[in-house]
Amino acid sequence: MAVRVQESDFDVGAELERLTTGNKRIGGLAVFVGLVREMHVREGYHRDRIDALTLEHYPGMTEAALEEIEAEAHRRWPLEASLIVHRHGRLEPGERIVLVAVGSPHREAAFEACEFLVDWLKTKAPFWKLEDTPKGEKWVGAHAGDDQAAARWEKK
Amino acid sequence: MKVRYFAWMKRTVGVAEEDVTPPAEVTTVGELVAWLRGKSGGHAEALAEGAAFGAAVDKRTVPFDAKLAGAHEVAFFPPFTGG
């Protein structure tokens with residue numbers, strides 16, 4: 001289990017290699033990589049083209065929130081390995097923002113846990129996106145679809 | 001105690017953080033919000049009733065009826081938009 005919040009980019013191949021080396025119980029590794037999109041798309045239509053995103057976060061709380069989400073994934077699924085790397089600072093379109101990787105003996109748990117982690121980190125970890133657009137700076141608002149995606153994992 | 005503001009709230013209030021000493025009758029996060037509104041126009045706007053923002057006490061998300069007793073750091077922020 002590991003969580004990192006950093007300004008620098010990450011090497012997906014090297015991260016996955018390090019995550020799985022020495023653990024031969026892993027049969028499936030599910031990976032999500034989030035990238036900066038050049039268009040801000042919301043509710044199905046394109047809005048502003050962006051020049052860059054600046055991700056602000058709450059040092060200390062961010063790491064604690066991500067660790068809590070990761071621990072919850074380990075409680076719900078039989079996981080052998082997990083990694084969350086989230087960047088902050090200024091990022092341009094095409095750059096990587098986030099890496100979530102989950103290893104399990106079987107693919108079903110790996111896929112589900114990976115999706116769960118992405119859904120929950122969007123709504124439970126203290127990150128905020130500021131878009132730099134040709135029309136000026138604009139804070140990204142919360143997206144109802146993200147709340148719905150996160151809510152489906154809430155235990156009834 | 002220290003109060004911190006994030007994202008657009010920081011710009012609206014005008015500072016990223018400040019040390020405050022609220023009166024003894026301020027015992028919950030919600031009461032702190034009401035008291036902070038009186039500090040400046042920026043505070044009143046950022047912390048306005050009905051504005052969409054959340055709070056954390058000592059780096060844990062809390063509801064507005066959470067008690068402030070023993071709190072070192074209270075933070076206010078808009079909904080999260082990471083990932």
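Start by selecting chain B of this predicted model and look at its overall size. Chain B has 83 residues, and a compact globule of that length would have a radius of gyration near 12 Å; chain B comes out at 12 Å, so it agrees with the rule. Turn it around a little: along its principal axes, the C-alpha trace spans about 35 × 30 × 20 Å. Of the 83 residues of chain B, 34% count as buried.

Now color chain B by secondary structure. You'll find 3 helices and 5 strands, and reading along the sequence gives the pattern β-α-β-α-α-β-β-β. Take the contacts in chain B with a separation of 6 or more: 59% of them are between residues 24 or more positions apart.

Next, hop over to chain A and pick strands 1, 6, 8 and 2. In that order they make an open sheet with mixed pairing. Strand 1 (2-6) and strand 2 (28-35) are at the edges with a single partner strand each, so one side of each has no neighbour in the sheet. On average, neighbouring strands here are turned by 10° against each other, direction ignored. Zoom in on strand 1 and strand 6 (residues 81-87) of chain A: they pair in the parallel sense over 5 bridges. Click A:R4, and opposite, in strand 6, you'll see A:V85.

Keep that sheet on screen and add helix 3 of chain A. Helix 3 lies across strand 2, strand 6 and strand 8 (96-104), running at about 145° to strand 8.

Chain A has another sheet to visit. Select strands 7, 5, 9 and 10, which form an open sheet in that order with antiparallel pairing. Which strands stand at the edges? Strand 7 (89-91) and strand 10 (136-139) of chain A do; each has a single partner strand, so one side of each is left without a neighbour in the sheet. From one strand to the next, the twist averages 25°. Strand 5 and strand 7 of chain A pair in the antiparallel sense over 3 bridges; to see a partner pair, pick A:L55 and then A:G89 in strand 7.

Last stop: show both chains and look at where they meet. The contact takes 22 residues from chain A and 13 residues from chain B. On the chain A side, strand 5 (52-57), helix 2 (61-76), helix 3 (107-124) and strand 9 (127-133) each supply at least two residues. Helix 3 of chain A gives the largest share of that side, 5 residues. Color the chain A side by class and you'll get 14 nonpolar, 4 polar and 4 charged residues.

Note on methods:
Residues are numbered from 1 along each chain as its sequence is written. Chains are lettered from A and ligands numbered from 1 in the order in which they are written. This is a predicted model: local features need pLDDT of at least 70, side-chain atom pairs count only at pLDDT 80 or more; totals for chains, interfaces and linings use all residues. Two residues are in contact if their C-beta atoms, placed from the backbone, lie within 7 Å. Helices (H or I, at least four residues) and strands (E, at least two) are DSSP runs, numbered from the N terminus. Ala, Val, Leu, Ile, Met, Phe, Trp, Tyr, Cys and Pro count as nonpolar, Asp, Glu, Lys and Arg as charged, and the others, Gly among them, as polar. Two strands pair if DSSP finds at least two bridges between them. Axes are lines fitted to C-alpha atoms, for helices over the stretch in contact, and angles run from 0 to 180 degrees between N-to-C directions. The radius of gyration is taken over C-alpha atoms; the globule rule is 2.2 Å times the number of residues to the power 0.38. A residue is buried if 20 or more other C-beta atoms lie within 10 Å of its own, exposed if 12 or fewer, and partly exposed in between; C-beta atoms are placed from the backbone.
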